[in-house]
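Here's a quick look at one protein model, written for someone who'd rather be at the bench. Have the structure open and follow along.

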Amino acid sequence: DASMEILIDTPVDIGGFQFNVDGTSLGAASGGLAAESGFTVSTGGSTVLGFSFTGSVIPGGSIGVLTNLEYTATSEEACLEDVVISDPNGNAMDYELGDCY
(Lines give C-alpha, C1' and ligand atoms only; values in the text may rest on other atoms or scores of the structure.)
Protein backbone atom coordinates (compact mmCIF):
# COMPACT_ATOMS: atom_id res chain seq x y z
CA ASP A 1 0.00 0.00 0.00
CA ALA A 2 1.19 3.49 -0.83
CA SER A 3 0.03 7.03 -1.42
CA MET A 4 0.34 9.46 -4.31
CA GLU A 5 -0.27 13.15 -4.81
CA ILE A 6 -2.32 14.25 -7.80
CA LEU A 7 -0.87 17.60 -8.86
CA ILE A 8 -2.71 20.40 -10.67
CA ASP A 9 -1.93 23.76 -12.22
CA THR A 10 -5.15 25.45 -13.34
CA PRO A 11 -5.56 28.93 -14.81
CA VAL A 12 -9.39 28.71 -14.53
CA ASP A 13 -11.94 27.74 -11.86
CA ILE A 14 -12.71 24.02 -11.57
CA GLY A 15 -16.21 22.92 -10.61
CA GLY A 16 -15.57 19.17 -10.54
CA PHE A 17 -13.36 16.31 -11.71
CA GLN A 18 -13.38 12.60 -12.40
CA PHE A 19 -10.61 10.27 -13.50
CA ASN A 20 -9.36 6.71 -13.28
CA VAL A 21 -5.95 5.71 -11.96
CA ASP A 22 -5.33 2.60 -14.03
CA GLY A 23 -3.00 0.09 -12.40
CA THR A 24 -4.36 0.70 -8.90
CA SER A 25 -7.04 -0.21 -6.43
CA LEU A 26 -7.78 3.04 -4.62
CA GLY A 27 -8.42 3.59 -0.95
CA ALA A 28 -9.19 6.97 0.60
CA ALA A 29 -8.72 10.41 -0.93
CA SER A 30 -7.83 13.33 1.33
CA GLY A 31 -6.40 16.80 1.58
CA GLY A 32 -5.13 19.06 -1.14
CA LEU A 33 -6.86 21.89 -2.96
CA ALA A 34 -10.04 19.83 -3.27
CA ALA A 35 -10.39 19.60 0.52
CA GLU A 36 -9.43 23.26 0.98
CA SER A 37 -12.20 24.21 -1.48
CA GLY A 38 -14.82 22.11 0.34
CA PHE A 39 -15.04 19.38 -2.29
CA THR A 40 -16.26 15.88 -1.54
CA VAL A 41 -13.80 13.41 -3.06
CA SER A 42 -14.86 9.78 -3.41
CA THR A 43 -13.00 6.74 -4.67
CA GLY A 44 -14.17 3.36 -5.87
CA GLY A 45 -12.05 0.74 -7.60
CA SER A 46 -9.72 2.89 -9.71
CA THR A 47 -12.08 5.88 -10.07
CA VAL A 48 -11.87 9.28 -8.34
CA LEU A 49 -14.78 11.74 -8.30
CA GLY A 50 -14.60 15.24 -6.81
CA PHE A 51 -17.26 17.96 -6.59
CA SER A 52 -18.86 20.40 -4.19
CA PHE A 53 -22.38 20.06 -2.83
CA THR A 54 -22.39 23.83 -2.19
CA GLY A 55 -21.14 24.97 -5.60
CA SER A 56 -17.67 26.02 -4.45
CA VAL A 57 -14.80 25.85 -6.94
CA ILE A 58 -11.09 25.25 -6.97
CA PRO A 59 -10.02 28.77 -7.92
CA GLY A 60 -8.14 29.58 -11.09
CA GLY A 61 -4.45 30.20 -10.44
CA SER A 62 -4.27 27.24 -8.07
CA ILE A 63 -1.06 25.23 -8.27
CA GLY A 64 -0.37 22.27 -6.02
CA VAL A 65 -1.83 19.02 -4.80
CA LEU A 66 -5.37 18.41 -6.02
CA THR A 67 -5.84 15.45 -3.66
CA ASN A 68 -3.84 12.66 -2.01
CA LEU A 69 -4.77 9.08 -2.85
CA GLU A 70 -4.08 5.89 -0.94
CA TYR A 71 -3.71 2.93 -3.27
CA THR A 72 -2.62 -0.64 -3.78
CA ALA A 73 -0.71 -1.23 -7.00
CA THR A 74 -2.21 -3.75 -9.41
CA SER A 75 0.34 -3.04 -12.15
CA GLU A 76 3.91 -1.76 -12.45
CA GLU A 77 2.71 1.77 -13.26
CA ALA A 78 -0.25 3.96 -12.42
CA CYS A 79 -1.68 6.18 -15.18
CA LEU A 80 -4.48 8.74 -15.17
CA GLU A 81 -7.14 7.81 -17.73
CA ASP A 82 -10.65 8.89 -18.71
CA VAL A 83 -10.17 12.36 -17.21
CA VAL A 84 -13.08 14.80 -17.10
CA ILE A 85 -12.56 18.23 -15.57
CA SER A 86 -15.51 20.61 -15.54
CA ASP A 87 -15.95 24.33 -15.13
CA PRO A 88 -18.40 25.74 -12.53
CA ASN A 89 -21.25 25.32 -15.07
CA GLY A 90 -20.53 21.61 -15.62
CA ASN A 91 -18.92 22.05 -19.06
CA ALA A 92 -15.96 19.78 -19.86
CA MET A 93 -12.61 21.58 -20.06
CA ASP A 94 -9.38 20.82 -21.91
CA TYR A 95 -6.40 19.51 -19.95
CA GLU A 96 -2.91 18.08 -20.29
CA LEU A 97 -1.65 15.01 -18.43
CA GLY A 98 1.80 14.26 -17.08
CA ASP A 99 3.60 10.94 -17.25
CA CYS A 100 2.53 7.74 -15.52
CA TYR A 101 3.72 7.10 -11.96
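What follows covers a pocket first and then a sheet.

Keep in mind that this is a predicted model. The largest pocket holds about 680 Å³ of space. It's lined by 27 residues, and if you want to find its centre, look for Leu-7, Leu-80, Glu-96, Leu-97 and Gly-98, the lining residues closest to that point.

What sort of residues make up the lining of the largest pocket, by class? Here's the split:

| Class in the pocket lining | Count |
|---|---|
| Nonpolar | 20 residues |
| Polar | 2 residues |
| Charged | 5 residues |

Which strand gives the most to that lining? That's β1, with 7 residues. Strands that each put at least two residues into the pocket wall include β1 (2-10), β2 (16-22) and β7 (79-86).

Two of those names, β2 and β7, come up again in the sheet. Here 4 strands form an open sheet with antiparallel pairing, and reading across you get β4-β5-β2-β7. The edges belong to β4 (40-44) and β7; each has just a single partner strand, so one side of each has no neighbour in the sheet. Going from one strand to the next, the twist averages 10°.

Now zoom in on the middle of that order. Strands β2 and β5 (residues 47-51) run antiparallel and are joined by 5 bridges. For a specific pair to click on, try Gln-18, whose bridge partner in β5 is Leu-49.

So much for the sheet; back at the pocket, remember that β2 and β7 also each supply at least two lining residues.

Note on methods
Residues are numbered from 1 along each chain as its sequence is written. This is a predicted model: local features need pLDDT of at least 70, side-chain atom pairs count only at pLDDT 80 or more; totals for chains, interfaces and linings use all residues. Side-chain values use heavy atoms; hydrogens and water are left out. On a 1 Å grid over the protein atoms alone, a cavity is a set of points where a 1.4 Å probe fits but cannot get out, and a pocket is an open set with protein on both sides within 12 Å along at least five of seven lines; lining residues have an atom within 4 Å of a point. Grid points are joined across faces, edges and corners, and a volume is the space filled by probe spheres set on the points. Ala, Val, Leu, Ile, Met, Phe, Trp, Tyr, Cys and Pro count as nonpolar, Asp, Glu, Lys and Arg as charged, and the others, Gly among them, as polar. Two strands pair if DSSP finds at least two bridges between them. Axes are lines fitted to C-alpha atoms, for helices over the stretch in contact, and angles run from 0 to 180 degrees between N-to-C directions.
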